[in-house]
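User: Please take a close look at how the inside of this one is put together, starting from its main nonpolar core. After that, follow the helices and single residues that help to fill in the picture.

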Amino acid sequence: EIYTLSLHDALPISLAANLSGSVFIDIISDDSHIHKPSVECVQIAKGNKCYVASGMELSVFSGAKISLNGYMLQRIYYIFEALGIDTGNMTSEFDISLAMYLLNPNKKQEELVFDDEPARQLSMFASAEDTYKNCGRKFAKMTALKKSLTADLKRDDLLKLYTDIELPLPKILASMESAGIRVDSDALLEAGAALGAKSELLAKEIYEAAGEEFNINSPKQLGIVLFEKLKMPGAKKTKTGYATNADVLDKLAPDYPIVQKILDYRTYSKLKSTYVDGMLPLIDEEGKVHPHYRQNVTATGRLSCTEPNLQNIPVRDDEGRKLRKLFSADSPEYILIGADYSQIELRVMAHMSGDEGLIAAFSGGHDIHKETASRVFNVPLDEVSPAMRSNAKAVNFGIVYGISAFGLSEDLNIS
């Protein structure tokens with residue numbers, strides 16, 4: 001379908017009186033999650049007409065009963081939420097990015113393109129007429145994609161998953177992003193200073209053990225110190241020097257104290273750069289961060305969290321736990337809750353495989369990793385050690401995600 005364009009129709013005049021039903025929508029914005037998003041223009045296609053409005057009041061959308069079609073609808077919902085627009089009556093009818101993701105979760109999501117031009121780069125066109133023409137081409141392509149992707153989802157028996165589970169989420173995730181999470185910035189600065197001091201102390205100890213100062217963060221210099229000067233075993237040559245990744249250093253750490261210090265130095269440095277230096281610029285004037293939650297990034301279907309990534313803050317060491325305490329609910333009347341499904345992947349595997357042992361363990365409320373350890377190591381359940389259970393857990397989840405024999409041996413440090 002080709003949309004006829006009206007250069008003289010202003011969006012509020014043409015649609016405000018009858019802003020309902022199914023529409024295609026896009027908003028050209030700076031997409032800021034630190035301050036209020038700045039909107040350049042709103043583009044809507046309804047019926048056979050395309051409307052573009054610059055500098056308009058978005059309040060015309062507040063309370064509108066519309067079904068949204070577009071690419072990455074979560075962006076649209078977030079902009080509305082962040083600017084105080086009531087989205088209660090809005091629903092998601094079709095999100096092209098989610099359909100593409102379900103059909104090929106391993107493929108990186110790209111910007112929607114039309115006539116070989118990125119859809120997000122409309123500001124590059126100088127005249128209003130060019131902007132309108134490209135807007136029309138974009139929505140025409142979206143319409144065609146909606147039809148073809150719907151057919152593909154039906155073909156692959158994914159339409160119910162798409163409609164019932166994936167499609168309602170963008171609105172919820174956008175609301176979570178807009179609400180944000182409160183951060184104690186003063187305590188964050190203090191934590192950064194403490195991590196920096198620990199890194200500096202470790203650096204001095206590393207220099208003393210090495211007999212010289214060098215750039216600890218340089219794999220090339222570190223490799224020379226460890227494998228040429230200190231003659232450590234297990235050297236692996238690469239194109240740029242020696243391999244000094246965590247897998248290599250973990251094997252050396254038990255026998256060489258300097259290596260453990262290097263690993264600790266890396267931990268403290270990463271915590272400071274990622275969760276202190278990297279997070280401080282992302283805190284808004286209300287003392288909150290507004291992460292990007294993406295449902296169409298990971299191949300496994302898990303949510304992705306970026307800017308900042310709050311999913312990877314360590315929980316098993318003291319420094320990570322201290323950083324986690326810096327996040328709080330909005331007021332004393334509320335608390336933050338961490339919740340997770342109990343071994344959901346293994347339960348799905350038990351159901352789909354029909355494995356009697358797995359089903360019996362779950363039905364009986366047993367510890368599945370302890371059960372596996374008991375069988376793997378041939379010991380009674382009450383003699384399974386924490387280390388045995390940990391290894392069995394790596395086996396269980398490794399199988400679910402298709403780990404190779406080599407990968408499992410590396411994870412467990414076995415032959």
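Analyst: A nonpolar core here is a set of buried Ala, Val, Leu, Ile, Met, Phe, Trp, Tyr and Cys residues joined through side-chain atoms within 4.5 Å. Keep in mind that this is a predicted model.

First, some background on the chain. The protein chain has 16 helices and 15 strands, and 41% of its 415 residues are buried. Of the contacts with a separation of 6 or more, 63% join residues 24 or more positions apart. Carbon and sulfur atoms hold 53% of the accessible surface, which comes to about 23100 Å².

Now the core itself. In soluble globular proteins, nonpolar side chains tend to be buried together. The largest nonpolar core in this model has 42 residues, and Leu188, Leu226, Val259, Ile262, Met279 and Leu323 have the most contacts inside it. Helices α7, α8, α9 (246-252) and α10 each bring at least two residues to this core, with α10 giving the largest share, 9 residues. Leu226 shows how the pieces meet: beyond its neighbours within four places in sequence, Leu226 is in contact with Lys231, Met232, Leu249, Val259 and Ile262. Apart from this core lies another one, of 23 residues, with Phe24, Leu102, Phe139 and Leu149 among them.

Back to α7, which deserves a longer stop. Its 26 residues, 185-210, should span 38 Å at 1.5 Å a residue, and the end C-alpha atoms sit 37 Å apart, so the two values agree. Buried residues of α7 include Leu188, Leu195, Leu202 and Ile206, and also Gly192 and Gly196. Among the elements covering the buried residues of α7 are β9 (181-183), α8 (219-229), α10 (257-277) and α11 (318-324). At the start of α7, a side-chain oxygen of Asp184 comes to within 3.3 Å of the backbone nitrogen of Asp186. After α7 comes Gly211, with a positive phi near 80 degrees.

Then there's Leu310, in the loop between β14 (304-306) and α11. Buried means under 20% relative accessible area, so Leu310, at 18%, counts as buried. Leaving out residues up to four places away in sequence, Leu310 touches Ile181, Met279, Pro291, Cys305 and Phe327. The C-alpha atoms of Leu310 and Tyr275 are 8.6 Å apart, although 35 residues separate the two along the chain.

A second helix to look at is α13 (residues 356-363), where Leu358, Ala361 and Phe362 are buried. These three cover an arc of only 95 degrees around the axis, so they lie on the same side of α13. That's the sort of thing helix geometry leads you to look for: an α-helix has 3.6 residues a turn, so residues three or four places apart point the same way. Glu356 and Ser363, on the other side of α13, are exposed. The buried residues of α13 pack against α12 (344-353) and α14 (368-376). As for the ends, a side-chain oxygen of Asp355 gets to within 3.0 Å of the backbone nitrogen of Gly357 at the start of α13, and Gly365, following α13, has a positive phi near 70 degrees.

One last stop is a buried acid. Asp95 sits in strand β6 (residues 91-95), and its relative accessible area is 1%, so Asp95 is buried. Apart from neighbours within four places in sequence, its contacts include Gly70, Tyr71, Met72, Leu73 and Gln74, along with Tyr162, Leu167 and Pro170.

How values were computed. Residues are numbered from 1 along each chain as its sequence is written. Side-chain values use heavy atoms; hydrogens and water are left out. Helices (H or I, at least four residues) and strands (E, at least two) are DSSP runs, numbered from the N terminus. The expected span of a helix is 1.5 Å times one less than its number of residues. Buried means under 20% relative accessible area, exposed over 50%, partly exposed in between (1.4 Å probe, protein chains only). Contact means heavy atoms within 4.5 Å. A polar contact is a pair of N or O atoms within 3.5 Å; within protein, one must be able to donate a hydrogen and the other to accept it, and residues adjacent in sequence count only if both atoms are side-chain atoms. The arc is that of the directions from the helix axis to the C-beta atoms. Accessible areas come from the Shrake-Rupley method with a 1.4 Å probe; for residues, only the protein chains shown count as cover.
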